[in-house]
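This report goes through one protein chain, from single residues to the whole fold and back. Keep the sequence and the structure in view while reading.

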Amino acid sequence: MAQQGTRVRPPAVAGRFYPGNPQRLRDELARLIADVPGYAGGRVEALIAPHAPYIYSRKLAAAAFGAVCEIAASITRVVVIGPEHYVALRGIAVATVDAFETPIGRVALDRDAIAGLADLPFLVEADAAHAPEHALEVELPFLQMLLGEFELVPLLVGDAAPGQVAQALARLWDATQTLMVISSDLSHYHDYETARRLDAATAALIERGEWAQLGSGDACGFLPIAGLLVEAARRGLKSQRLALCNSGDTGGARAQVVGYGAWTFAASR
């Protein structure tokens, strides 16, 4: 339980992007995770997961997070990094609060780890950007169900360079206790067949590590993804695609769709 005086970022999209009722949310996540097939790759150090409303993207998110089931007990810290959607930013934004809250409970921030980024010139404090943002929040219930207790480093990327993202990730990377979660959807508002073609091309770029070829039309979180690819290459990590589809496959209309993908990054065996 958080101590008196704890500064908390309350949930902004509970009841809209995912169930606001705690038991309903737990039940839905338990079913989703139970349906994920066993993961056959190496130890996952990072993953890419979508951040759309669960009604459209929940199975892909479950595929991504389900890949860490076997190592969940060893993970004590999670870095969740994604794009800002509501407040324009220069650089990468951290929050000054002590905890983020979802209907399942509170997740304490790793203030020591955040303090270790303070000398980076592109790092800014911006609670106003974090307050309405869904890109990080929607990942937390999955993490809470899988990991139980863990500390969080939430990062929002605005006008920044992939190398800056990679530098921040490198400061925080710990292959044994820390999980990197990159939050991103893929193409937006194309017709179904166009989206399938564009997202297949983006997936190929991700899997080849061609970060410099990614642009804003490929993924809303192209900068966090690009930064991950820079650091993953430096560490010799290999990507594995778990799922790729769009909202037209998951119940939405096909005239204008949003693309989703799920990947893990692990050391080559």
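## A residue in a strand

In which strand does E101 lie? E101 belongs to strand β5, which covers residues 99–102. The model is a predicted one, and every value in this report is computed from it.

E101 has a relative accessible area of 23% and is therefore partly exposed, since buried would require under 20%. Leaving out residues up to four places away in sequence, E101 touches V8, R9, P10, P11 and R106. One of these, P10, is 91 residues from E101 in sequence, yet the two C-alpha atoms are 5.0 Å apart in space.

## The chain as a whole

The protein chain contains 9 helices and 12 strands. Its radius of gyration is 17 Å, and the globule rule gives 18 Å for 269 residues, so the chain is as compact as a globular protein of that length. Taken along the principal axes, the box filled by the C-alpha atoms is roughly 50 × 40 × 40 Å.

Of the 269 residues, 54% are buried. Contacts between residues at least 6 apart in sequence can be sorted by separation: 82% of them join residues at least 24 apart. The pair E101 and P10, with their positions 91 residues apart in sequence, shows how such a separation can look in space.

## Surface and charge

The exposed surface of the protein chain is about 11,400 Å², and carbon and sulfur atoms supply 49% of that area. The chain carries 23 positive and 29 negative side chains. The centres of these two sets lie 3 Å apart.

## The nonpolar cores

The largest nonpolar core is made of 85 residues. Within this core, the residues with the most contacts are F65, V78, I92, L143, L155, L179 and F265. Helix α9, residues 222–235, gives the core its largest share, namely 6 residues. There is also a second, separate core of 5 residues, among them A52, C245, V258 and Y260.

What does L155 touch, apart from its neighbours within four places in sequence? Its contacts are V79, V80, I81, G82, I92, A93, V94, L117, H130, L136 and L172. I92 appears both in this list and among the core residues with the most contacts.

## A covered helix

Helix α6 runs from residue 140 to 147, and 7 of its 8 residues are buried. The buried ones are L140, P141, F142, L143, Q144, L146 and L147. L143 has already been named as one of the core residues with the most contacts.

An α-helix has 3.6 residues a turn, so residues three or four places apart point the same way. In α6, though, burial takes in 7 of 8 residues. After α6 comes G148, which has a positive phi near 70 degrees.

## Residues towards the outside

Is D112 buried or exposed? D112 has 68% relative accessibility and so counts as exposed, the cut-off being over 50%. D112 is part of helix α3, residues 111–115. Its C-alpha atom is 30 Å from that of R26, which is 86 residues away in sequence.

R234 lies in helix α9, the helix that gives the main core its largest share. R234 itself is exposed, with a relative accessible area of 57%. The C-alpha atoms of R234 and A166 are separated by 9.7 Å, and the two residues are 68 apart along the chain.

## A loop and an unusual angle

Q177 sits in the loop between α7 (162–172) and β9 (178–183). Its relative accessible area is 37%, so Q177 is partly exposed. Neighbours within four places in sequence aside, Q177 is in contact with R43, S74, I75, T76 and R77. Q177 and A73 are 104 residues apart in sequence, with their C-alpha atoms 9.1 Å apart in space.

Y189 lies in strand β10, residues 188–190. Y189 is not a glycine, but its phi is positive, at about 65 degrees. With 54% relative accessibility, Y189 counts as exposed.

How values were computed: Residues are numbered from 1 along each chain as its sequence is written. This is a predicted model: local features need pLDDT of at least 70, side-chain atom pairs count only at pLDDT 80 or more; totals for chains, interfaces and linings use all residues. Side-chain values use heavy atoms; hydrogens and water are left out. Helices (H or I, at least four residues) and strands (E, at least two) are DSSP runs, numbered from the N terminus. The radius of gyration is taken over C-alpha atoms; the globule rule is 2.2 Å times the number of residues to the power 0.38. Buried means under 20% relative accessible area, exposed over 50%, partly exposed in between (1.4 Å probe, protein chains only). Contact means heavy atoms within 4.5 Å. Accessible areas come from the Shrake-Rupley method with a 1.4 Å probe; for residues, only the protein chains shown count as cover. Lys and Arg count as positive and Asp and Glu as negative; His and the chain ends are not counted. The place of a charge is taken as NZ of Lys, CZ of Arg, CG of Asp or CD of Glu. A nonpolar core is a set of buried Ala, Val, Leu, Ile, Met, Phe, Trp, Tyr and Cys residues joined through side-chain atoms within 4.5 Å.
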